[in-house]
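Work through the exercises below with the sequence and the model side by side. Try each task before you read its solution.

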Amino acid sequence: FQDGSNFSSEKIAEIIAVTKTVFNSHRPFIFKMQGSLALPTSIGVRCYSSVKLKKLVCDLKSALREIGVTSDKKLFSEKVLFGNITVCRFKPNYHPTEKLIEVVEKYKNFEFGNMKLLKTKLIHANAVISPNHTKIFVEFDLS
């Protein structure tokens, strides 16, 4: 979404209210944690959900669009939505060892289990969600 640092406190309050309404209309759902994910800057675990995630994302985008908050973010697929859990991030110019690459490859198709999404937060952060650059606006309870 747009850079939240450009929003007035009134607009942020409106975003929180709309987001709360959307999350209140959704129940907890399950993410299936399946397979390691290797990116140039990090290693993670892929997390897949049912259509409940897609419905939540579509409802949220629609509600935010109604108050003039739009996203220019392009998803690789509008049909398959997934999340990820970041296990580690690499420092600039770090290159993983062969051993680390082997471990990631070993778990490429591993089923780690399920995770029930019970809470989520509305935040403003940088691209890597660094704790020093993250402001938590509100936490939503889906249970």
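A salt bridge is a side-chain nitrogen of Lys or Arg within 4 Å of a carboxyl oxygen of Asp or Glu. The model is predicted: local features need pLDDT of at least 70, side-chain atom pairs count only at pLDDT 80 or more, and totals for chains, interfaces and linings use all residues. Residues are numbered from 1 along each chain as its sequence is written, and side-chain values use heavy atoms, with hydrogens and water left out.

**Exercise 1.** Find the N to O distance between Lys108 and Glu105, then classify both residues by exposure.

*Solution.* Step one: the closest N and O atoms of Lys108 and Glu105 are 3.6 Å apart, a salt bridge. Step two: recall that buried means under 20% relative accessible area, exposed over 50%, and partly exposed in between (1.4 Å probe, protein chains only). Step three: Lys108 has 38% relative accessibility, so it is partly exposed. Glu105, at 48%, is partly exposed too.

**Exercise 2.** Where do Lys55 and Asp59 lie, and how many residues apart are they?

*Solution.* Step one: both lie in helix 2 (helices are DSSP runs of H or I, at least four residues, numbered from the N terminus). Step two: they are four residues apart, about one turn of the helix. Step three: their side chains meet in a salt bridge, 3.0 Å from N to O.

**Exercise 3.** Which residues is Phe23 in contact with, leaving aside its neighbours within four places in sequence?

*Solution.* Step one: contact means heavy atoms within 4.5 Å. Step two: with those neighbours left aside, Phe23 is in contact with Leu56, Leu60, Thr120, Phe140 and Leu142.

Methods:
Helices (H or I, at least four residues) and strands (E, at least two) are DSSP runs, numbered from the N terminus.
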